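Here are a few exercises to work through with the structure in view. Try each task yourself, then go through the solution.

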Amino acid sequence: MKIIVVGCGKIGRTIAEQLNNENHEVIIIDNDRDIVEQVSSEIDVMSMVGNGATYNVLKQAGVAKADLVIAVTPEDEVNMLCCLIAKKIGAKHTIARIRNPEYAEEIDYIKDELGLSMYLNPERATATEIAKLLRFPSAIEVDTFAKGRIEILNIELKEGSHLTNSTISESFKKLKSHVLVCAVRRGDETFIPDGSFELKLGDKVSILASSYNMDEFFHNAHIQDARIKNAMIVGGGMIAFYLAEMLVKAGITTKIIERDEERCEELSTMLGNSVEVICGDGTDKLVLEEEGLSSEGAFVSLTNIDEENIMLSLYAKTVSKAKTITKIDHMAFTNIVDKLDIGVKIYPKEIAAEYIIRYVRAMQNSYNKIEALYRIAEGGAEAFEFRVPADSRMIGPTLAELKLKKNVLVCSINRYGNIYTPKGSDTIQEGDIIIIVTTLSGLSALDDFLEDE
């Protein structure tokens, strides 16, 4: 696909890099010549220097033949104008980055009037991911399918876990829980396990279940997953604003610590009395102690400085039992950061890029009836949600008879709203919505998961 990315900031660059890795024809546009030269020298993409919201620049970039235009400059209005002009010239699809909360209430109108295929709010997307993680405090990754009725949670097996040192079939038979282990991350390897796979300390296990069965599993497995009642956020940026809104709706008492007095006033106005906004230095341990860090259920470090976020989470780990979530903006030292005990690491630009990649793949594979697609097990596997077409070779044989490729697992069947974990004797029918997990790459059509005839 021919894709034009307007804006080469952190998110634009990450999007361009990932699209290029998936073999799309990518063109980047930015006003800053130095940034364009730097990005094009590090990523094998075409580039242009200029205002991507002008007719001449877009026409020069070949927007009339573009499959997709993604506008991610720092200015919402520039992004919307860019997409409007691109659509008028002939771009098939457009995506605009729109961050301002003032546009949130009228986003559907804006989307329709500008002909946007999708809008991206990176801060809101990041807040959504954090809020999902706080629903299950033991999870390090959460993805949802079937419009929220099915979840895949990634948990790390720690000392004392009832799941270690026994096979999956033995462990889950004792637990009497209706869940499925669909992937296991061990070190740098990802496995699609069968019942004989033995789980070990430190494994990161991806578990699929309905929301009800997931709650039952955590209870039966004696995994500490008590509901979080209160949360402390350090840093009062847009992610903090959106997250605080979501946590309040979930019944979680929330406070934000922000050092800038003017920003504190803005947050107080936008959030009202539902959130306590503290004007103070969140990196000062005396302030954290006075505000009750030791008794918080969750601690989220969202300052603009990675080093501050890391140190804050390390400190929170030493003085509380809070679930810690750490925002990381720069990816240069992820191999070191990943070894630190700072709870869940959140990478906003990766989250934003992942939203875009999902949409691009859905565009490519709309004829294959893909309903959703997620990378799971820290990127080591992918989970596909398919609607089964009438001509699929999967229809007819039992799952035991299906000749699935190695490292492919059918995890769930949704038939007319009834969701169940399939057994070998079950069959797949036309119109079923199924979830497939695999470590294989390059698969997109449903029948790609079967051995060649």
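**Exercise 1: a strand pair and its sheet**

Strand β14 (residues 230-234) and strand β17 (residues 298-301) run parallel and are joined by four bridges. This is a predicted model: local features need pLDDT of at least 70, side-chain atom pairs count only at pLDDT 80 or more, and totals for chains, interfaces and linings use all residues. Residues are numbered from 1 along each chain as its sequence is written, and side-chain values use heavy atoms, leaving out hydrogens and water.

Task: find what stands opposite Ala 231, then place the pair in its sheet.

Solution.
- Step 1: Ala 298 in β17 is opposite Ala 231.
- Step 2: The open sheet has six strands, ordered β16-β15-β14-β17-β18-β19, with parallel pairing (two strands pair if DSSP finds at least two bridges between them).
- Step 3: At the edges sit β16 (276-279) and β19 (344-346), each pairing on one side only.
- Step 4: From one strand to the next, the twist averages 20°.

**Exercise 2: two helices**

Task: work out how α6 (residues 122-135) and α14 (residues 348-364) cross, and which residues touch.

Solution.
- Step 1: The axes of α6 and α14 come within 9 Å and cross at roughly 100°.
- Step 2: That makes α6 roughly perpendicular to α14 (the word covers angles of 65 to 115 degrees).
- Step 3: Pro 122, Ala 125, Thr 126 and Glu 129 of α6 make the contact with Pro 348, Ile 351, Ala 352 and Tyr 355 of α14 (contact means heavy atoms within 4.5 Å).

Notes:
Axes are lines fitted to C-alpha atoms, for helices over the stretch in contact, and angles run from 0 to 180 degrees between N-to-C directions. Angles under 35 degrees count as roughly parallel, over 145 as roughly antiparallel, 65 to 115 as roughly perpendicular and the rest as oblique.
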